[in-house]
Amino acid sequence: MRQHVNPLSKNFNEIGKIPTLIEMFDDPKLNLHLDIGCAAGEFLFDLALVNTSWNYLGIEIREKLVKTAKFKVQEREIKNLYFAFGNAYNILNDVQSEFIIKNVKSISFNFPDPWFKKRHFKRRVIQPEFINLLSNLLQKGSLIFIKTDVKDLFDYMDCTISRNFNFKTIDKKDFNYLESFNPNKIKTTREKYVIVNQLDIFDRIYIKI
Ligand SMILES: C[S@@+](CC[C@H](N)C(=O)[O-])C[C@H]1O[C@@H](n2cnc3c(N)ncnc32)[C@H](O)[C@@H]1O
């Protein structure tokens with residue numbers, strides 16, 4: 001069982017230098033997708049190799065995973081994938097990231113840590129301040145995808161996003177996945193585990209209006 005990282009620890013207050021898009025990607029003009037809490041990044045490797053017309057940026061708070069993922073990117077010479085280490089909110093709240101986030105077309109929060117105890121809810125990655133930040137920085141039409149196997153966490157995330165009037169739910173029936181960051185509906189590592197174990201999956205898509 002892995003040790004959870006406390007995202008509110010002072011260790012994550014300092015942000016490393018955020019590279020510019022041109023430093024991160026071969027073609028900085030491509031659509032950019034951001035995956036928050038990407039762990040070892042397997043999902044993003046699968047996506048980046050198949051969808052070369054998108055750029056992918058993963059943010060993860062466990063430094064060792066990010067170092068290993070970055071090494072794999074270099075080794076495999078993948079030009080549309082980058083990983084950043086740190087607390088996602090602190091990274092995106094930094095002025096250095098403003099130009100990156102303005103280019104983001106979509107963001108995924110896949111199976112975030114639930115932090116079941118009420119006194120730990122503030123450690124959950126989706127917080128009203130984070131959604132306000134995204135609502136201020138994202139362009140109109142940008143999408144947020146959430147997915148979890150924990151119903152309480154789903155209700156909490158849904159409530160937090162829906163309370164922000166700049167985001168509206170999209171009906172999945174009307175959604176064209178082929179135009180999204182994940183046209184082949186590739187599964188994340190946790191999602192594969194959840195499917196094998198026949199657990200429920202709760203997901204929703206929001207659009208910035
Ligand atoms: C349960 S794992 C899910 C991993 C992956 N998204 C998947 O679906 O397989 C949640 C991940 O989010 C990371 N994480 C938690 N809080 C974070 C934060 N504030 N910023 C960045 N990463 C975070 C954790 O370290 C962990 O790797």
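**Exercise 1. Sort the shell around the ligand by residue class.**

Solution. Start with the classes: Ala, Val, Leu, Ile, Met, Phe, Trp, Tyr, Cys and Pro count as nonpolar, Asp, Glu, Lys and Arg as charged, and the others, Gly among them, as polar. On that basis the shell has six nonpolar, six polar and five charged residues. Next, pick out the nearest neighbours: of the 17 residues around the ligand, Gly-37, Glu-60, Arg-62, Thr-188 and Arg-190 come nearest. Being near here means having a heavy atom within 4 Å of the molecule.

Before you go on, keep in mind that this is a predicted model, where local features need pLDDT of at least 70 and side-chain atom pairs count only at pLDDT 80 or more, while totals for chains, interfaces and linings use all residues. Residues are numbered from 1 along each chain as its sequence is written, and side-chain values use heavy atoms, with hydrogens and water left out.

**Exercise 2. Find side chains that put an N or O atom close to the ligand, with distances.**

Solution. Look for N or O pairs within 3.5 Å, the cut-off for a polar contact. Glu-60 has a side-chain N or O atom 2.6 Å from a ligand oxygen. For Arg-62, the distance to a ligand oxygen is 2.8 Å. Asn-87 pairs with a ligand nitrogen instead, at 3.3 Å. Now check the cover: the protein hides 90% of the 600 Å² of accessible area that the ligand has on its own (Shrake-Rupley method, 1.4 Å probe).

**Exercise 3. Place the ligand in a pocket and describe the lining.**

Solution. The ligand sits in the largest pocket, meaning that more than half of its atoms lie within 2 Å of the grid points. A pocket is an open set of points on a 1 Å grid over the protein atoms alone, with protein on both sides within 12 Å along at least five of seven lines; lining residues have an atom within 4 Å of a point. This pocket holds about 1200 Å³ of space. Of its 46 lining residues, Arg-2, His-4, Phe-111, Pro-112 and Asp-113 are closest to the centre. Helix H4 gives the most to the lining, with three residues. By class, the lining has 20 nonpolar, 13 polar and 13 charged residues.

Note on methods
Polar contact = N/O pair within 3.5 Å; in protein donor to acceptor, adjacent residues only side chain to side chain. 1 Å grid on protein atoms, 1.4 Å probe; cavity = no way out; pocket = protein on both sides within 12 Å on 5 of 7 lines; lining within 4 Å. Points joined across faces, edges and corners; volume = space filled by probe spheres on them. Helix = DSSP H or I, 4+ residues; strand = E, 2+ residues; numbered from the N terminus.
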